[in-house]
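Okay, thanks for coming, everyone. Let me put the model up and we'll walk through it together.

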Amino acid sequence: MTSACATLDTLETPCLLLDETRMTRNIERLNNLMAGHGVQLRPHLKTPKSIEVARRVMARPEGPAAVSTLQEAEQFAAAGVTDLLYAVGVAPAKLDRVLALRRRGIDLTVVVDSVDAARAVAARAAEAGAAIPALIEIDCDGHRAGVAPGHTDQLLAIARTLHAAACLRGVMTHAGESYGCRSLEAIAVMAEQERAAAVGCAEAIRAAGLPCLVVSVGSTPTAHFARSLAGVTEVRAGVYVFFDLVMAGLGVCAVDDIAASVLTTVIGHQPDKGWILVDAGWMAMSRDRGTAKQPVDQLYGLVCDADGKVYPDLLLAETNQEQGIIKLRAGSAATLPDLPLGTRLRIVPNHACATCAQHDAYQVVRGGDRRVVAQWQRFRGW
């Protein structure tokens, strides 16, 4: 546990820091954008996996919110969140856990993208004598799962199967390919592609005489740069709460907006190699290399001083299980800083979701203040 008077100089490292000031600013930014569109925001809680963060990001204590695991749904339900979307295709074996949550008064919606999945949901609902609301996933960009927008026969077959069991609630899609965009204009184009796919499928369902109340879209990039959300009922986004280097590489945020980082300590030097060794390896940072395909590869993370100021071209270049190697970016004209043994540093991560998943708690700070104001627990599992 963190003591009541802990500071960045006394914390055991490596540990996960969360700048509440930056987080609050990020939350307010997207809230204001969605208010301008007049569309409900359904924040995705898969990144924080924390009750304390959820309370700050949701519009109301009861939600709405989205999750990626039933463990998340169960944890947030126990904390009073009652409006939840399980935004991953549901496995038939998990439907009993879904029903258990719904019997507790949790309005939990599941996702399907095939007739077989719809039949499994419909059959279990009929057997239980209780509806299991479902959204049909639409593949708006070839990124992952979902029904292609032009496959109307498949779409309607799924919709009719769900409707017969009183389980059809609407459609959803996720523009995962927005993470590969190379300009803000490209993100805006992707946002329109995402919107059009979901709205078009919803219209096809309604034209067949079936209900489609929910039209759910979202990714952090497209949520921030959508020009129109006409026909959309809700937007989902998750990593915007913390942001990360992938989002900064896309131009969605600045490095100074990134709220999560890993505090680490200098544990050694290899002067002949230009290396500084720290106690944050891949167990603290994850192996995610999400910026590797971007124009600027940040390797395993940007190095900052303890107050969060970035050292020019200084990167966590290599990771072992419990050690990291810091060195200058190849070709840089910068000078390796003098960082004596015991120096505290922050590493800004490529992918906030992956790095946060390595830790059990957030050590909460505010802006440039070195005091730790709180410790917020995280949870893991499926």
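Which residues does Leu156 touch, not counting residues up to four places away in sequence? The answer is Ala204, Ile205 and Ala208, where a contact is heavy atoms within 4.5 Å. Quick housekeeping before I go on: this is a predicted model, with local features needing pLDDT of at least 70 and side-chain atom pairs counting only at pLDDT 80 or more, while totals for chains, interfaces and linings use all residues. Residues are numbered from 1 along each chain as its sequence is written, and side-chain values use heavy atoms, with hydrogens and water left out.

Back to Leu156, which sits in helix H6, residues 152–164. Helices here are DSSP runs of H or I with at least four residues, strands are E runs of at least two, and both are numbered from the N terminus. Leu156 counts as buried because its relative accessibility is 11%; buried is under 20% relative accessible area, exposed is over 50%, partly exposed is in between, with a 1.4 Å probe and protein chains only. From Leu156 to His359 you go 203 residues in sequence and 43 Å in space, C-alpha to C-alpha.

Now the open sheet. Eight strands, so to speak, in a row: the order is E2-E9-E8-E7-E6-E5-E4-E3, and the pairing is parallel. Two strands pair if DSSP finds at least two bridges between them. At the edges, pairing on one side only, are E2 (40–43) and E3 (65–67). From one strand to the next the twist averages 30°, with axes fitted to C-alpha atoms and angles running from 0 to 180 degrees between N-to-C directions. Within that row, E7 (168–173) and E8 (214–217) run parallel and share 3 bridges, and Gly170 stands opposite Val214 in E8.

Then there's strand E15, residues 344–348. Why do I call E15 largely enclosed by the rest of the structure? Because 5 of its 5 residues are buried. Arg344, Arg346 and Val348 are on one side, Leu345 and Ile347 on the other, and both faces are covered. E15 has antiparallel pairing with E10 (260–270) over 4 bridges, where Val262 stands opposite Ile347. E12 (302–305) also runs antiparallel to E15, again with 4 bridges, and there Leu302 stands opposite Val348.

Last topic: empty space. On a 1 Å grid over the protein atoms alone, a cavity is a set of points where a 1.4 Å probe fits but cannot get out; a pocket is an open set with protein on both sides within 12 Å along at least five of seven lines, and lining residues have an atom within 4 Å of a point.

The largest pocket holds about 1000 Å³. It's lined by 44 residues, and closest to its centre are Lys46, Arg144, His174, His351 and Cys353. E4 (83–89), E9 (234–237) and H9 (245–250) each supply at least two lining residues, with E4 giving the largest share at 3.

As for cavities, the search finds 3 of 30 Å³ or more. The largest has about 80 Å³, and its lining includes Arg346 and Val348, along with Arg22 and Cys304. The second largest is about 50 Å³. Arg144 and His174, which we met by the pocket centre, are also among the residues lining that second largest cavity.

Right, over to you for questions.

Definitions and conventions:
Points joined across faces, edges and corners; volume = space filled by probe spheres on them.
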